[in-house]
Amino acid sequence: MYDYDLLVVGSANADLVIGVDRRPAAGETVLGGDLATHPGGKGANQAVAAARLGARTALLARVGDDAHGALLLDSQRAAGVDTAGVLVGGAPTGVALITVDPSGDNSIVVSPGANGRLAPADVRAAAGLVRAARVVSAQLEIPLETVVEVVRNLGSGSRFVLNPSPPRPLADEVLAACDPLIVNEHEAKVLLGEDDPGEDPAGWARLLLARGPKSVVVTLGAAGALVADGDGTESVPSVTVDAVDTTGAGDAFTAALAVRLGAGASLADAAAYAARVGAAAVTRRGAQDSYPTTAEVEAL
């Protein structure tokens, strides 16, 4: 038996969000709306999204001993996430500076802060927590060597899910552990590097599979998603909604996918459910504040 359906190892940031009529060009200043502060970070977002869906969820992360850190811990606990693995101190809490335009699209700059201090030694110290999870999810807003250590400490039978964001080259042992590797178009092309990916998402998925992952999911925004494994590729349709704010929608998708896979769903079925969760998330502002419960997803 596993103690947790999902352990998220990753970042926790305070999101500082400003609405703008349009995002500035290089060297340009634009006026925006009032500043809003929300709990965020790809790791913390995924943990809250999974807990809202009823999954037994834990978070392994690092925050500062400051007001932003307290905000993040309060948000996790309010959602029902086990925060025993959240370390405090070592640097100020990470911050994401986010502008959101009227269409809901966003631009983000991240100051990692304490996220950059989540070290391989922290993973080794929490090895019991890592091995107690049915599915372990990670991203790349923490040091890459820490993600490598997560892979090395996975429990027998545990499933590893990775969203390589922000993207960078990955070690073979990390790629081999991914089931699935979840990428958008930009992330896919960065990972493929010198390989010419063309413009066909199925082609990207096949090239990525050749790098070693057990499965790949390519998210395509309004066009849905594509899943690929040793049995072939399959398209997953999108859900049409009126988007208000896309911040954190990809994290909601990843969390929902991980939870469904842990419950035994096929990759395509899990991705279809995740698409509904991501669609529900973009209909409300903010990241964690926008994440739906299971009942809200079913009603979509």
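These are legends for four close-up views of a predicted model.

Local features are described where pLDDT is at least 70 and side-chain atom pairs count only at pLDDT 80 or more, while totals for chains, interfaces and linings use all residues. Residues are numbered from 1 along each chain as its sequence is written, and side-chain values use heavy atoms, with hydrogens and water left out.

**View 1. Helix 1, a mostly covered helix.** Helices here are DSSP runs of H or I with at least four residues, strands are E runs of at least two, and both are numbered from the N terminus. Helix 1 spans residues 42-52, and 10 of its 11 residues are buried (under 20% relative accessible area with a 1.4 Å probe, protein chains only; over 50% would be exposed, and in between partly exposed). Among the buried ones are Lys42, Asn45 and Gln46. After the helix comes glycine 54, with a positive phi near 90 degrees.

**View 2. Aspartate 251 in helix 9.** Helix 9 covers residues 249-262. Aspartate 251 is buried, with a relative accessible area of 4%. Setting aside neighbours within four places in sequence, aspartate 251 is in contact with Lys42, Asn45, Gln46 and Tyr291 (contact means heavy atoms within 4.5 Å).

**View 3. An open sheet of 4 strands, with helix 2 packed on it.** The strand order is 3-2-6-7, and the pairing is mixed (two strands pair if DSSP finds at least two bridges between them). Strand 3 (36-40) and strand 7 (106-111) sit at the edges with a single partner strand each, so one side of each has no neighbour in the sheet. From one strand to the next, the twist averages 25 degrees. Helix 2 (residues 67-79) touches strand 2 (13-19), strand 3 and strand 6, and its direction makes about 60 degrees with that of strand 3. Axes are lines fitted to C-alpha atoms, for helices over the stretch in contact, and angles between N-to-C directions run from 0 to 180 degrees. Strand 6 (residues 94-100) pairs with strand 7 in the antiparallel sense over 6 bridges. Look for valine 100 opposite asparagine 106 in strand 7.

**View 4. Helix 7 against helix 8.** The axes of helix 7 (residues 185-192) and helix 8 (residues 201-209) come within 10 Å and cross at roughly 45 degrees. That makes helix 7 oblique to helix 8 (under 35 degrees is roughly parallel, over 145 roughly antiparallel, 65 to 115 roughly perpendicular, and the rest oblique). Helix 7 contributes Glu185, Ala188, Lys189, Leu191 and Leu192 to the contact, and helix 8 brings Trp204, Leu207 and Leu208.
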